[in-house]
Amino acid sequence: MNATLLDSRTGRRGLLLVGMLLYLPLIVVLSTLEGVVAGPLSVLPVVVGAWAYGVRGGALTALALGPFHVYLAVQLRADEPLGLSIVLNVSNVAVGFAFGLLFDRVRAALRVREEVEARYERAAVGANDGLVEWEVASGAMYFSTRFCEMLGYKKKELVPDVEAWFELVHPSD
């Protein structure tokens, strides 16, 4: 299985850690600036947490950031009501949960697709049949290795396009 850094669980955890380490000082600086609303930025680490760990990761990241956001609201933005900060934190938990569900479903669908493709590949090789696939919209074709062998060719010798296919067909057919 070829996994890139972002596909691996370790890579996602590392990205989450780096993101949190960059996020915390950034949000403190932005919160001290007059007229800057930094609250919406809190969704970013929550989404990364959901991506890295699924439902639990998104919700737990939001919960972990909650006290930090409340502290910022109380210390740096005394003019804003504390209830607003709490409502934003609750909405962050909901966003983390929703994104976690979304990422979990996408990963599950990708796993199922990989399993189906592997099962199809095993069946096609095991059946010892030659396969031809024609994508009509683009005109692209696929000739399996076994198909080429059945016709007495090597896979490299047949060009996978419609014209090559029709050249193989007898004129009276």
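Student: Is E117 buried, partly exposed or exposed?

Tutor: In this predicted model, E117 has a relative accessible area of 46%, so E117 is partly exposed. The class of partly exposed residues lies between under 20%, which is buried, and over 50%, which is exposed.

Student: With which residue does E117 form a salt bridge?

Tutor: The idea is a side-chain nitrogen of Lys or Arg within 4 Å of a carboxyl oxygen of Asp or Glu. Here the partner of E117 is R113, and their closest N and O atoms are 3.5 Å apart. Both residues belong to helix 4, where they are four residues apart, about one turn of the helix. R113 is also partly exposed, because its relative accessibility is 46%.

Student: How many salt bridges does a search of the whole structure find?

Tutor: The search finds three. Another one joins the side chains of D104 and R107, at 3.8 Å from N to O. D104 and R107 are in helix 4 as well, three residues apart, again about one turn. D104 has a relative accessible area of 32%, so it is partly exposed.

Student: Where do R146 and E149 lie?

Tutor: They lie in helix 5, residues 145-150, and because they are three residues apart there, about one helical turn separates them. Their side chains meet in a salt bridge of 3.8 Å, N to O. R146 counts as partly exposed at 29% relative accessibility, and E149 is partly exposed with 46%.

Student: Moving to the aromatic residues, what describes a pair of rings?

Tutor: A pair of aromatic rings is described by the distance of the centres and the angle of the planes. In this structure a search of the whole model finds five aromatic pairs. For F99 and F103, the ring centres are 6.1 Å apart and the planes are at 35°, so this pair is tilted. The two residues are four residues apart in helix 4, residues 82-127, so about one helical turn separates them. F99 is partly exposed, since its relative accessible area is 31%.

Student: What is the geometry of the pair formed by W134 and F166?

Tutor: That pair is edge-to-face, with 6.3 Å from centre to centre and 85° between the planes. The pair links distant parts of the chain: W134 is in strand 1 (residues 132-135) and F166 is in helix 6 (residues 162-168), 32 residues apart. W134 is partly exposed, with a relative accessible area of 41%.

Student: Which residues form one aromatic cluster?

Tutor: F143, F147 and W165 do.

Student: Which residues join F99 in a nonpolar patch on the surface?

Tutor: L102, V106 and L110 join F99, and together the patch has about 310 Å² of accessible area. F99 itself lies in helix 4.

Student: Where do nonpolar side chains tend to be in soluble globular proteins?

Tutor: In soluble globular proteins, nonpolar side chains tend to be buried together. In this model the largest nonpolar core has eight residues: L16, M20, Y23, I27, V46, A52, A62 and L65. Helix 1 (9-32), helix 2 (43-53) and helix 3 (55-76) are the elements that give two or more residues to this core. Helix 1 gives the most, with four residues.

Student: Leaving aside neighbours within four places in sequence, what is A62 in contact with?

Tutor: A62 is in contact with V46, N92 and V93 on that count. Apart from the core that includes A62 lies another core of six residues, among them M141, F143, C148 and V162.

Student: How many helices and strands are there in the protein?

Tutor: There are six helices and two strands. Read along the sequence, their pattern is α-α-α-α-β-β-α-α.

Student: Among contacts between residues at least 6 apart in sequence, what percentage join residues at least 24 apart?

Tutor: For this protein the value is 48%.

Student: What percentage of the residues in the protein are buried?

Tutor: Buried residues make up 27% of the 173 residues. The protein exposes about 11,900 Å², of which carbon and sulfur atoms supply 66%.

How values were computed: Residues are numbered from 1 along each chain as its sequence is written. This is a predicted model: local features need pLDDT of at least 70, side-chain atom pairs count only at pLDDT 80 or more; totals for chains, interfaces and linings use all residues. Side-chain values use heavy atoms; hydrogens and water are left out. Rings of Phe, Tyr and Trp (its six-membered ring) pair if their centres lie within 6.5 Å; planes under 30 degrees apart count as stacked, over 60 as edge-to-face and the rest as tilted. Buried means under 20% relative accessible area, exposed over 50%, partly exposed in between (1.4 Å probe, protein chains only). Patches are made of residues with over 30% relative accessible area and no salt bridge: like charges are joined within 9 Å, nonpolar side chains (Val, Leu, Ile, Met, Phe, Trp, Tyr) within 5 Å. Accessible areas come from the Shrake-Rupley method with a 1.4 Å probe; for residues, only the protein chains shown count as cover. Contact means heavy atoms within 4.5 Å. A nonpolar core is a set of buried Ala, Val, Leu, Ile, Met, Phe, Trp, Tyr and Cys residues joined through side-chain atoms within 4.5 Å.
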